[in-house]
Amino acid sequence: MDRPDGGPIYVQALDDVSVEIKAGERVGLIGHNGAGKSTLLRVMAGIYMPDAPNVLIRGQVAALLDVNSGMNPELTGRENITLMGRHKGLTTAQIRQLEQDVEEFAQLDTFLDLPVRLYSSGMIVRLGFGLATAITPQILLMDEWFMAGDFHFRERAEKRLSSVVNNTDILVITSHALDVLEEWCTRLIWMEGGQIRMDGPTAEVMAAYRVDMQVPDEKA
């Protein structure tokens, strides 16, 4: 994007953000659209590099940020599963097990052997989600796209994801589904204008956030 005078326009998505997350923590990022939540996730995933790079991550990272991430639309769903397995360094036997796991979850039937470019958006979500959650990482970074899909899918997805969340060392998730954050997270980081407005225990931060945003507490 250019300015009227022809020069570039710079947008500072994050401003003086400092975060330390330790093993065992389940961290939720909250705030309105444009607050910097997804940008922070992408910095943690190594997708974006800050101007003053000072990002240190110890452990294997898996990022559920883009439903199409790592998939070739010209390949079939089954071929994409094999591609992912090869990328992860799995053996042929492990890839076969991965394929069976994703196939049972995604329930794409004959579409699994068709090019992904022919899939509907819902089918791509099912395949992408199945792949992303088939292997439990040490650090899981997750944007809210996992909530996409119909009610039946969300129910299965939440059950599958709960297993991954329980077995990963660190979880960082952004979502507007406050009930999910309250259930899974031990800590919340409230972002506003690219800065951290509040960081602390889930109950404490969520209470302040609900008051500020005038969001009713469904448990009350």
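This note goes through the fold, one helix pair, one aromatic pair and several single residues of a predicted model.

1. Overall layout. The protein chain holds seven helices and six strands. Read along the sequence, their order is β-α-β-α-α-α-β-α-β-α-β-β-α. The chain has 220 residues, and 40% of them count as buried. Contacts reach well along the sequence. Among those between residues at least 6 apart, 67% join residues at least 24 apart.

2. Packing of α2 on α3. Helix α2 covers residues 77-87 and helix α3 covers residues 92-106. They pack at an angle of about 135°, and their axes are 9 Å apart. That angle makes α2 oblique to α3. The limit for roughly antiparallel is over 145 degrees, so the pair stays in the oblique class. The crossing of the two helices is right-handed.

3. Who makes that contact. From α2 come Arg78, Ile81, Thr82, Gly85 and Arg86. From α3 come Thr92, Ile95, Leu98, Glu99, Val102 and Glu103. By residue type, the contact of α2 with α3 has four nonpolar, three polar and four charged members. Anyone viewing this contact should find arginines on the α2 side, Arg78 and Arg86. Glutamates, Glu99 and Glu103, are on the α3 side.

4. Aromatic pairs. The count of aromatic pairs comes to three. One involves Phe111 and Tyr119. Their ring centres are 6.3 Å apart, and the planes meet at 85°. Planes over 60 degrees apart count as edge-to-face, so this pair is edge-to-face. The two partners differ in burial class: Phe111 is partly exposed, with a relative accessible area of 34%, whereas Tyr119 is buried, at 7%.

5. Val125 in α4. Helix α4 spans residues 121-132, and Val125 is part of it. Its relative accessible area is 10%, so Val125 is buried, the cut-off being under 20%. Val125 and Phe153 are 28 residues apart along the chain. Their C-alpha atoms are separated by 9.6 Å.

6. Arg42, a buried arginine. Arg42 sits in helix α1, residues 37-44. Is Arg42 buried or exposed? At 18% relative accessibility, Arg42 counts as buried. The limit is under 20%, so the call rests on a value of 18%. Setting aside neighbours within four places in sequence, Arg42 is in contact with Ile47, Tyr48, Leu65 and Asp143. An aspartate, Asp143, is therefore among the contacts of this arginine, with contact meaning heavy atoms within 4.5 Å.

7. Positive phi at Asp16. Asp16 is not a glycine, yet its phi is positive, at about 55°. The residue lies in the segment before β1, a strand that covers 26-30. Asp16 counts as exposed, with 74% relative accessibility.

8. Positive phi at Gln107. Where does Gln107 lie? It is in the loop between α3 and α4. Phi of Gln107 is near 55°, again a positive value in a residue other than glycine. At 40% relative accessibility, Gln107 counts as partly exposed.

9. Points to view together. For the helix pair, look at α2 and α3 with the angle of about 135° in mind. For the ring pair, look at Phe111 and Tyr119, edge-to-face. For backbone geometry, look at Asp16, with its positive phi, and at Gln107, with phi near 55°. For a buried charged residue, look at Arg42, with Asp143 among its contacts.

Key. Residues numbered from 1 in each chain as written. Predicted model: local features only at pLDDT ≥ 70, side-chain atom pairs only at ≥ 80, totals over all residues. Heavy atoms only, no water. Axes fitted to C-alpha atoms, helices over the stretch in contact; angles between N-to-C directions. Helix = DSSP H or I, 4+ residues; strand = E, 2+ residues; numbered from the N terminus. Parallel < 35°, antiparallel > 145°, perpendicular 65-115°, else oblique. Left-handed = near helix turned anticlockwise from the far one by under 90°. Nonpolar A, V, L, I, M, F, W, Y, C, P; charged D, E, K, R; others polar. Phe/Tyr/Trp six-rings, centres within 6.5 Å; stacked < 30°, edge-to-face > 60°. Buried < 20%, exposed > 50% of the residue type's maximum accessible area, 1.4 Å probe, protein only.
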